[in-house]
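Reader: I have a model open and would like to learn how to read it, starting from a single side chain and working outwards. Could you take me through it step by step?

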Amino acid sequence: MGIFFKEIRISNILPYDHDKWLITTFSNGAFLYDGDITPFPLSSEFWKNEYLINYSIRLRNGGIAIGTQNAGLFVIDKDGNLISHIDKGAGLRDFTINFIYEDSQMGLWLAMNNGVARVDLVSPFSVIDDRMGLAGSGYAALKKDDLYYLGTNNGLFIWQNGKAKLVSGTEGQVYSIQNIRGKVVLGHNNGTFLIEGESALPLSSEQGAWILKAIPDHPEYFIQGTYSGLAFLNGRMENWFMYIK
């Protein structure tokens with residue numbers, strides 16, 4: 001073991017199993033030791049040795065937290081699968097983490113070059129803002145399948161894989177996002193849109209489109225508030241919606 005690590009800088013040695021140790025290194029990744037030395041699997045899908053491991057700890061839940069020089073915090077499970085990656089985009093003030101401490105509430109305290117941060121790994125809430133690409137003030141949200149649709153005064157955004165992407169053609173004020181008959185319908189300053197994938201297809205140019213409400217006992221008809229008053233919509237048409245004048 002000593003010969004193998006003779007020229008390798010070690011950042012920490014952690015208990016892994018009852019007969020194994022996890023050894024993290026500064027620039028050569030991580031290894032398991034049980035008398036023999038084997039590489040610990042860190043997938044290239046999220047990991048590069050150039051990130052440099054400054055510090056690592058085992059967590060109470062069995063996971064592993066890795067503090068890096070150049071890429072923030074990585075939390076992985078015992079098998080090396082990524083659980084979360086927290087960097088400046090998620091709110092840290094810089095990328096360099098020199099030390100990690102887990103408190104009694106499973107929060108991680110990070111000593112960084114630029115201050116101290118606490119990461120709440122078990123919180124049911126996440127902050128999504130302009131650091132993740134979401135611009136503007138929030139007005140509406142919808143979860144459909146595995147996608148999150150977020151409406152702000154700057155447009156409609158699709159939230160996926162930790163990033164928010166603006167749907168082209170929806171720039172401006174969003175008022176509502178609804179799941180109607182399995183379709184995503186957007187109420188917008190510029191009218192009503194059907195959202196398909198990352199495209200916005202106009203259904204009506206009546207400005208100031210708000211929430212669509214089905215009329216009781218007549219579910220094929222909808223009523224909607226606009227800047228100019230109430231509009232009635234027929235949902236039976238082949239083009240899915242037609243405004244009734």
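Reader: Which backbone atom does the side chain of D103 reach?

Author: In this predicted model, the side chain of D103 reaches the backbone nitrogen of G107, at a distance of 2.8 Å. To place that contact, notice that D103 belongs to the loop between β9 (97-102) and β10 (107-112). A second polar contact, of 3.0 Å, links the side chain of D103 with the side chain of R118.

Reader: Is D103 buried or exposed, and which residues is D103 in contact with beyond its neighbours in sequence?

Author: Burial is judged from the relative accessible area, and a residue counts as buried when that value is under 20%. D103 has 10%, so D103 is buried. Leaving aside neighbours within four places in sequence, D103 is in contact with R60, W109 and R118.

Reader: Where is Q224 found, and what does its side chain reach?

Author: Q224 is found in strand β21, which covers residues 218-226, and the side chain of Q224 reaches the backbone oxygen of W210 at 3.3 Å. With a relative accessible area of 1%, Q224 is buried too.

Reader: How should I read a sheet, and what is the order of the strands in the one that includes β5?

Author: The general idea is that strands of a sheet pair through backbone hydrogen bonds, either parallel or antiparallel. Here, an open sheet of 4 strands follows the order β5-β6-β7-β8, and its pairing is antiparallel. Because β5 (53-58) and β8 (82-86) stand at the edges with a single partner strand each, one side of each is left without a neighbour in the sheet. From one strand to the next, the twist averages 15 degrees. For a close look at one pair, take β7 (residues 73-76) and β8, which pair in the antiparallel sense over 4 bridges; within that region, V75 has S84 in β8 as its bridge partner.

Reader: What is the order of the strands in the open sheet that includes β12?

Author: That open sheet, of 4 strands with antiparallel pairing, has the order β12-β13-β14-β15. Its edge strands are β12 (138-144) and β15 (163-166), each of which pairs on one side only. Neighbouring strands here are turned by 25 degrees against each other on average, direction ignored. Inside the sheet, β13 (residues 147-152) and β14 (residues 155-160) run antiparallel and are joined by 5 bridges, and the bridge partner of L150 in β14 is F157.

Reader: Which residues of the largest nonpolar core touch the most other members?

Author: In soluble globular proteins, nonpolar side chains tend to be buried together. The largest nonpolar core in this model has 16 residues, of which L22, F40, L42, W47, I66, F74 and I76 touch the most other members. The elements that give two or more residues to this core are β1 (10-17), β3 (30-33), β6 (64-68) and β7. Apart from it lies another core, of 15 residues, with L59, L108, L110 and V119 among them.

Reader: How many helices and strands does the protein have, and what are its overall dimensions?

Author: The protein has 0 helices and 23 strands. Along the principal axes, its C-alpha atoms fill a box of roughly 85 × 35 × 30 Å. A compact globule of 245 residues would have a radius of gyration near 18 Å, whereas this protein has 25 Å. Of its 245 residues, 43% count as buried.

Note on methods: Residues numbered from 1 in each chain as written. Predicted model: local features only at pLDDT ≥ 70, side-chain atom pairs only at ≥ 80, totals over all residues. Heavy atoms only, no water. Pairing = 2+ DSSP bridges. Axes fitted to C-alpha atoms, helices over the stretch in contact; angles between N-to-C directions. Buried < 20%, exposed > 50% of the residue type's maximum accessible area, 1.4 Å probe, protein only. Polar contact = N/O pair within 3.5 Å; in protein donor to acceptor, adjacent residues only side chain to side chain. Core = buried A, V, L, I, M, F, W, Y, C linked by side-chain atoms within 4.5 Å. Rg over C-alpha atoms; globule rule 2.2 N^0.38 Å. Contact = heavy atoms within 4.5 Å.
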